[in-house]
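Got your viewer open? Load the model and follow along, one selection at a time.

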Amino acid sequence: MKKSLLLVVLFCFLAANTVFAQGKIAIIDVQAITFQSKAGQKSINELKSLEQASLKKIEAKRAEVKKLADSINNQKASLSPSALQDKNLELNRKSVELERLEKDLQAEFQTAQAKKWDSILKEVEPVINDYAKEKGFDLVFIVQPGIFYANPAVDITKEIISRFDIKWSKKGTK
């Protein structure tokens, strides 16, 4: 019984390998598509603008906290204990506000980045599908950390970027 089961499993494995050996396979580098395509470049520029605006808000809040801390240090000797305590409470509150602002802006940036990348991937997917059908590919793999080597001849990333840029440019002019 065990030998029969082993033979069936071995047969299925060999049959699957034969099917894959006859299939046409390609790879794409999604990261390259994201960073090198026109849509990706536009998204990168928009994200840089968002990041710059966030950094300005953070720097303004940091300056406010620093100004208050300097004020407390300069007036320490002349303030009453209760006034000093009030100033320190205000400094702590502003420091917590700064931390919250940094976390909120970081989360906002990460959400915006994820939305942009997801949008690009949704837009490029039909381009990949159409190209794969046109060229007769049976499988298209995404290059990721689990792939140690792939023959550059099976990399269709440049063709996908080129077609995606054309499609994206036409979409932008409509």
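Here is a short tour, from the whole chain down to single side chains.

Keep in mind that you are looking at a predicted model. Start with the cartoon view and colour by secondary structure: you should find five helices and two strands. Walking from the N terminus, the order of elements is α-β-α-α-α-β-α.

Now switch on a surface. The protein exposes about 12600 Å², with 59% of that coming from carbon and sulfur atoms. Of its 174 residues, 22% count as buried. If you draw a contact map, look well off the diagonal: among contacts between residues at least 6 apart in sequence, 84% join residues at least 24 apart.

Next, select Ile-28, Ile-33, Val-124, Phe-137, Ile-156, Ile-160 and Phe-164 and show them as sticks. These belong to the largest nonpolar core, a set of 20 residues, and they touch the most other members. Which elements supply at least two residues each to this core? Colour β1 (25-28), α2 (30-36), α3 (38-75), α4 (81-135) and α5 (157-173) to see them. The top contributor is α4, which gives eight residues.

Zoom in on Ile-33. Ignoring neighbours within four places in sequence, Ile-33 is in contact with Ile-28, Val-124, Thr-157, Ile-160, Ile-161 and Phe-164.

Last stop: another core lies apart from the one you have been exploring. Select Ile-58, Leu-68, Leu-91 and Leu-98, which are among its seven residues.

Definitions and conventions:
Residues numbered from 1 in each chain as written. Predicted model: local features only at pLDDT ≥ 70, side-chain atom pairs only at ≥ 80, totals over all residues. Heavy atoms only, no water. Helix = DSSP H or I, 4+ residues; strand = E, 2+ residues; numbered from the N terminus. Buried < 20%, exposed > 50% of the residue type's maximum accessible area, 1.4 Å probe, protein only. Contact = heavy atoms within 4.5 Å. Areas by Shrake-Rupley, 256 points an atom, 1.4 Å probe, with all protein chains shown as cover. Core = buried A, V, L, I, M, F, W, Y, C linked by side-chain atoms within 4.5 Å.
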